[in-house]
Protein chains: 2
Amino acid sequence: MTRRLLLISNSTTHGSGYLDHCKEQIKQFLTEKIQTVLFVPYALHDHEGYEATAKKAFVSLGYQLESIHRKTDPVTAVGSAEAIFIGGGNTFRLLNALYDKKLVTEIRRRVLQDGVPYIGSSAGSNVATASIHTTNDMPIVYPPSFTALSLVPFNINPHYIDPSPDSKHMGETREARINQFHEYVSSPPVLGIREGCILLVEDKVAKVVGANGARLFMRDTAPRELATGDDVSFLLKEC
Amino acid sequence: MTRRLLLISNSTTHGSGYLDHCKEQIKQFLTEKIQTVLFVPYALHDHEGYEATAKKAFVSLGYQLESIHRKTDPVTAVGSAEAIFIGGGNTFRLLNALYDKKLVTEIRRRVLQDGVPYIGSSAGSNVATASIHTTNDMPIVYPPSFTALSLVPFNINPHYIDPSPDSKHMGETREARINQFHEYVSSPPVLGIREGCILLVEDKVAKVVGANGARLFMRDTAPRELATGDDVSFLLKEC
């Protein structure tokens, strides 16, 4: 079976509704074969409210949505899922819950071995990668590891934002933060996906899609701009 | 002996030099009794460059500065320090180094038992508190714990920034992130110190000083604005 991932930078774009900006890509990605999507709401505290928001979006696209927080055995739910959608929120809380509920190995197995389609948004995209070392989120909980699902061998920085020349705020720019990560010898590439940007992975092919581009950071290499349509399959080779 | 802390939000204010905005407070805080300050540069990768920057600032105030990275035994260096200054950078890298070099217990002992004056800036202020759960930094390295020096029983969020009404960026506001931390039952208060703001702690008295105010977040309580001169000693009681 073939690995298939749709990694979205942000769930909501300014001025539009939840997942509105990527509905077409989700529909194309899931195809008509999928009937029910398994939703993982662990990145937010309010699972029921989050389920309602996600269900509305997926039902409008013609899919059923079941939230894993209602299942008595989450591992079994992943084991029989047709497709998985992990929503955004806090990446530390999300990864901590995936470890706590013993889901890391099982999601990885289903996606990489069984070819179950995986959609991630924001924190859900972060946890799909090698690690959460490049999340923007506040570390509100201490997970047992920063190693994530490793469905791809590189890292993502969602909501990537360019430096603002007018800012008087002295906190580091996003680029400076990612460069600090690359001061560590073994750190993998980081794909900064701007809001509106989506990464589509099908087997050994990875492409930047969506309304906005990305910026690629690799250790000891100048950053590189990527536009919609660009092929980044080279990132899928183990570093 | 008396606990004495000067916790600074940011090392540099827009348009001025390193520590320029808080030189007067540092001089008042250290008094003329102190001759040499022990500098902890672990929050940045380049220890030598960081030492040079910090030394320039402290020498201009009339103090000697020695950087702990030059000491063969960092624990002994803390053991004989007259005053400690931990500079900003990446909070995860900093706390990881403090654990790695077995400095957490010794710094805590010197400050709380021996009354050694402690100055922290940005990441150096974060690690002075109960935990680093409310840092803004990217988690570029996995420390053995998020529990920090616990020189005070609450948390700080440095570089605190108010929501921008004009922003179209969909990442969470700082306030929303801190509220997520407070969704955890045992989470302590968080003092969001704006750039220019400084927290001065002397024994059982804590005061907001500096050019800018703070915003206090407590679980299940509306946020509260604090201005320069406000007494926040109630935060020093164990929660």
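Which residues are buried in helix 4 of chain B? They are T91(B), F92(B), R93(B), L94(B), L95(B), A97(B) and L98(B). The legends below work through a predicted model, starting with the two chains as a pair and then coming back to that helix.

**Figure 1. Two copies, one turn.** Lay chain B on chain A and you get an RMSD of 0.0 Å, using a turn of 180° and a shift of 0.0 Å along the axis. That's the relation of a two-fold axis. Both copies use the same surface, since 100% of the contact residues of chain B recur in chain A.

**Figure 2. Chain A by itself.** Here you're looking at seven helices and eleven strands in chain A. Its radius of gyration is 17 Å, close to the 18 Å that the globule rule gives for 239 residues, so chain A is as compact as a globular protein of that length. If you want a feel for the dimensions, the C-alpha trace spans about 45 × 35 × 35 Å along its principal axes. Of the 239 residues in chain A, 57% are buried. Take the contacts in chain A between residues at least 6 apart in sequence: 69% of them join residues at least 24 apart.

**Figure 3. The surface and charges of chain A.** Chain A has an accessible surface of about 9800 Å², and carbon and sulfur atoms account for 49% of that. On the charge side, count 25 positive and 26 negative side chains in chain A. The centres of those two sets lie 2 Å apart.

**Figure 4. Helix 4 of chain B and its cover.** Back to the helix from the opening: seven of the ten residues in helix 4 of chain B are buried, so call this one mostly covered. What sits over those buried residues? From chain B itself, the cover includes strand 2 (36–40), strand 4, helix 5 and helix 6. Chain A pitches in too, with helix 7 (174–181) among the covering elements. **Figure 5. Helix 5 of chain B, one of the neighbours.** Helix 5 of chain B runs over residues 104–112. Its buried residues are V104(B), E106(B), I107(B), R110(B) and V111(B), a list with both E106(B) and R110(B) in it. Among the elements that cover them are strand 1 (4–8), helix 3 (74–79) and strand 4 (84–86) of chain B. Helix 4 (91–100) and strand 5 (118–121) of chain B also belong to that cover.

**Figure 6. A buried glutamate, E51(A).** Look for E51(A) in helix 2 (residues 47–60) of chain A. Is E51(A) buried or exposed? With 5% relative accessibility, E51(A) counts as buried, because the cut-off for buried is under 20%. Skip the neighbours within four places in sequence, and the contacts of E51(A) are F39(A), L65(A), S67(A), H69(A) and R70(A). You can also find P41(A) in this view: P41(A) is ten residues from E51(A) along the chain, and their C-alpha atoms are separated by 6.7 Å.

**Figure 7. L19 in chain A.** L19(A) isn't a glycine, yet its phi is positive, at about 65°. You'll find L19(A) in the loop between strand 1 (4–8) and helix 1 (23–30) of chain A. L19(A) counts as buried, at 1% relative accessibility.

**Figure 8. L19 in chain B and what it touches.** In chain B, L19(B) has its place in the loop between strand 1 and helix 1 (23–30). L19(B) is at 2% relative accessibility and counts as buried. Leave out residues up to four places away in sequence, and L19(B) touches S11(B), I26(B), A57(B), F58(B) and F85(B). For a through-space distance, try A54(B): A54(B) and L19(B) are 35 residues apart in sequence but 8.5 Å apart in space, C-alpha to C-alpha.

**Figure 9. Another positive phi, at S122(B).** S122(B) has a positive phi of about 55°, and S122(B) is not a glycine either. This serine lies in the loop between strand 5 and helix 6 (123–126) of chain B. With a relative accessible area of 10%, S122(B) is buried.

**Figure 10. T221(B), a partly exposed loop residue.** Go to the loop between strand 10 (214–217) and strand 11 (224–226) of chain B to find T221(B). Its relative accessible area is 48%, so T221(B) is partly exposed. P189(B) is 32 residues from T221(B) along the chain, and the C-alpha atoms of the two are separated by 9.9 Å.

How values were computed: Residues are numbered from 1 along each chain as its sequence is written. Chains are lettered from A and ligands numbered from 1 in the order in which they are written. This is a predicted model: local features need pLDDT of at least 70, side-chain atom pairs count only at pLDDT 80 or more; totals for chains, interfaces and linings use all residues. Side-chain values use heavy atoms; hydrogens and water are left out. Copies are superposed by least squares on the C-alpha atoms of residues with pLDDT of at least 70 in both. Contact means heavy atoms within 4.5 Å. Helices (H or I, at least four residues) and strands (E, at least two) are DSSP runs, numbered from the N terminus. The radius of gyration is taken over C-alpha atoms; the globule rule is 2.2 Å times the number of residues to the power 0.38. Buried means under 20% relative accessible area, exposed over 50%, partly exposed in between (1.4 Å probe, protein chains only). Accessible areas come from the Shrake-Rupley method with a 1.4 Å probe; for residues, only the protein chains shown count as cover. Lys and Arg count as positive and Asp and Glu as negative; His and the chain ends are not counted. The place of a charge is taken as NZ of Lys, CZ of Arg, CG of Asp or CD of Glu.
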